[in-house]
Amino acid sequence: TAYHEGGHALVASALRHTDPVTKVTILPRGRALGYTMVLPTDDKYSTTRNELLDQLAYALGGRVAEELVFHDPTTGASNDIEKATAIARKMITQYGMSERVGAIKLGQSQGEVFLGRDMGHQRDYSEDVAAIIDDETKKFLAAAHQEAFDILEENRDVLDSLVLALLERETLDKAEVAEVFVPLRR
């Protein structure tokens, strides 16, 4: 859990377009074994493509840390993968942020819910377009995974320091995280 949450925190802190890490804990809460909190410093009304791409890398940071350190990921990243996949799909189908698909809205958000359909999402595109959406989603997630891996590999010493601090104190606030991240290569 310490490496998983440390992966999220380190990737978020190393990227240019993420909100600051305000808290990291390895204390269980609800179904989560720990969590990393990032909060914006200012009010936000829209999100840029770069911010969304960085959110993908940050979301996968925990899973990537598990792979890097233990070479055997856990099921603890399932919610992170679900969130990252949802962001990537929205980038493609709602926000027009895929060069291959273009600036087009795919799917209907407000339709009747039928059996076999997602809640509140009705497909209005072909199987060929669905395959392209799947392919683009995989590309976004693979690029985010690689970015998180590169950051964690380059900063493995900082990740280990963060994990030791988490094992000792269990919860770190914004100032404590910043102190551990002084040598972070961004």
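**Notebook: largest pocket and sheet**

I looked up the lining of the largest pocket and sorted its residues: nine are nonpolar, 13 polar and eight charged. I am working from a predicted model.

Next I checked the count and the centre. The lining of this pocket takes in 30 residues. His4, His8, Asn79, Asp80 and Lys83 lie nearest the pocket's centre. I then asked which elements give two or more residues to that lining. I found helix 1 (2–14), strand 2 (35–38), helix 2 (49–70) and helix 3 (78–93). Which element gives the largest share? Helix 2 does, with six residues. I also noted the space in the largest pocket, about 780 Å³.

I turned to the sheet. It is open, has three strands in the order 2-1-3, and its pairing is antiparallel. I wanted to know why strand 2 and strand 3 (171–173) each have one side without a neighbour in the sheet. Both stand at the edges with a single partner strand each, so one side of each is left free of a sheet neighbour. I read an average twist of 10 degrees from one strand to the next.

I followed one pairing further. Strand 1 (residues 21–25) meets strand 3 in the antiparallel sense, over three bridges. In strand 3, Thr171 is the residue opposite Thr25.

Last, I looked at how helix 1 sits on the sheet strands. Helix 1 lies across strand 1 and strand 2. Its direction is at about 165 degrees to strand 1. Helix 1 and strand 2 thus appear in both parts of my notes: each gives two or more residues to the pocket lining, and helix 1 lies across strand 2.

Note on methods
Residues numbered from 1 in each chain as written. Predicted model: local features only at pLDDT ≥ 70, side-chain atom pairs only at ≥ 80, totals over all residues. Heavy atoms only, no water. 1 Å grid on protein atoms, 1.4 Å probe; cavity = no way out; pocket = protein on both sides within 12 Å on 5 of 7 lines; lining within 4 Å. Points joined across faces, edges and corners; volume = space filled by probe spheres on them. Helix = DSSP H or I, 4+ residues; strand = E, 2+ residues; numbered from the N terminus. Nonpolar A, V, L, I, M, F, W, Y, C, P; charged D, E, K, R; others polar. Pairing = 2+ DSSP bridges. Axes fitted to C-alpha atoms, helices over the stretch in contact; angles between N-to-C directions. Contact = heavy atoms within 4.5 Å.
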